[in-house]
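This report is intended to be read beside the sequence and the three-dimensional structure. Please keep both at hand while following the residues named below.

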Amino acid sequence: MVDDAPRYILVELGAVRGAYGVKGWVRIAPYDAEAEVLRATRNWWLLQQGAPRQLAVSAVRRHAGLLLAKWEGCDSPEAADALKGATIAVARGDFPALAPGQYYWVDLIGARVVNRCGVELGKVRGLRSNGAQDLLEIGGTGPTLLVPLVQTYVDRIDPAQRRIDVDWEADW
């Protein structure tokens, strides 16, 4: 985690799928299966047409592969259904702290990736999971590289310097 990350940068973490029940609960499809940030924070933002709107979330719980959330001002199924298709975000500065050696994906995107020979392979364009491990998607001048985000190939991650050192070659 980058400690000096601005609090105002909003990170999209899920989408509103409509109402749940009759008391204004909202179904949220999280972009991450664990939805750790959404479950841990109560200061969300609703991104819909117009300016972002801050939400005071009073409750969140899991339901199958979704989250169910309740916030102030959403008191009926009609109000919840009116939000269908909107995006839910959390300010980066509100993310919970992580243990040493753990990183949020959003903090790795844009980092330079350099191999052991000092060759810059490109920048992290995104991350994905193949089920067994996470993969760094690296874009540069050549084809996109997918580097497993495991200790065998990743020597060091320095989010403050926006740099990741790897044991990987450009032609692998």
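The text below describes a predicted model, taking its sheets, its nonpolar cores, its salt bridges and its backbone in turn.

**The barrel**

Six strands form a closed barrel in the order β1-β2-β5-β4-β3-β6, with antiparallel pairing. Within this sheet, neighbouring strands are turned against each other by 50° on average, direction ignored. One of the pairings joins strand β1, residues 10-20, to strand β6, residues 87-91, in the antiparallel sense over five bridges. An example of a bridge between these strands is that of L10, whose partner in β6 is A91.

**The nonpolar cores**

As a general tendency, nonpolar side chains in soluble globular proteins are buried together. In the present model, the largest nonpolar core has 25 residues, and those that touch the most other members are V16, I28, L38, W44, W71 and I88. At least two residues of this core come from each of β1, β2 (25-30), α1 (36-40), β3 (43-47), β4 (53-63), β5 (66-71) and β6. The strand β1 gives the most, with four residues.

The surroundings of L38 illustrate this packing. Not counting residues up to four places away in sequence, L38 touches L13, I28, P30, W44, V60, L67, I88 and V90. A second core, separate from the one just described, comprises 15 residues, among them L108, V124, I138 and I157.

**The hairpins of β7, β8 and β9**

Strands β7 and β8 run antiparallel and are joined by three bridges. In one of the pairs, R112 has K123 of β8 as its bridge partner. Four residues lie between the two strands of this hairpin, where G118 takes a positive phi near 85°.

Strand β8 also pairs with β9, again in the antiparallel sense, and here over six bridges. The partner of S129 in β9 is D134. The hairpin of β8 and β9 likewise has four residues between the strands, and G131 takes a positive phi near 95°.

**Salt bridges**

How many salt bridges does a search of the whole structure find? The number is nine. Three of them are set out in the table, including one with both partners partly exposed.

| Acidic residue | Basic residue | N to O distance |
|---|---|---|
| E120 | R112 | 3.0 Å |
| D167 | R116 | 3.4 Å |
| E137 | R128 | 2.9 Å |

In the bridge between E120 and R112, E120 counts as partly exposed because its relative accessibility is 42%. R112 is also partly exposed, with a relative accessible area of 29%.

The salt bridge between D167 and R116 links distant parts of the chain, 51 residues apart: D167 lies in the segment after β12 (163-166), and R116 lies in the loop between β7 (112-115) and β8 (120-129). D167 has a relative accessibility of 24% and therefore counts as partly exposed. R116, at 58%, counts as exposed.

Is E137, the acidic partner of R128, buried or exposed? E137 is buried because its relative accessible area is 19%, and the cut-off for a buried residue is under 20%. R128 is partly exposed, with a relative accessible area of 38%. Elsewhere, salt bridges that share partners join R156, D158, R163 and D165 into one network.

The position of E137 is in strand β9, residues 134-139. Leaving aside neighbours within four places in sequence, E137 is in contact with K123, V124, R125, G126, R128, T144, L145 and L146. Among these contacts is R128, whose side chain makes a polar contact of 2.9 Å with the side chain of E137.

**Positive phi outside glycine**

Most residues other than glycine have a negative phi. Which residues depart from this pattern? One is A64, whose phi is near 55°. A64 is placed in the loop between β4 and β5, and A64 counts as exposed because its relative accessibility is 73%.

Another is R162, with a positive phi near 60°. R162 is found in the loop between β11 (154-158) and β12. With a relative accessible area of 32%, R162 is partly exposed.

Notes. Residues are numbered from 1 along each chain as its sequence is written. This is a predicted model: local features need pLDDT of at least 70, side-chain atom pairs count only at pLDDT 80 or more; totals for chains, interfaces and linings use all residues. Side-chain values use heavy atoms; hydrogens and water are left out. A polar contact is a pair of N or O atoms within 3.5 Å; within protein, one must be able to donate a hydrogen and the other to accept it, and residues adjacent in sequence count only if both atoms are side-chain atoms. Contact means heavy atoms within 4.5 Å. Two strands pair if DSSP finds at least two bridges between them. Axes are lines fitted to C-alpha atoms, for helices over the stretch in contact, and angles run from 0 to 180 degrees between N-to-C directions. A salt bridge is a side-chain nitrogen of Lys or Arg within 4 Å of a carboxyl oxygen of Asp or Glu. Buried means under 20% relative accessible area, exposed over 50%, partly exposed in between (1.4 Å probe, protein chains only). A nonpolar core is a set of buried Ala, Val, Leu, Ile, Met, Phe, Trp, Tyr and Cys residues joined through side-chain atoms within 4.5 Å.
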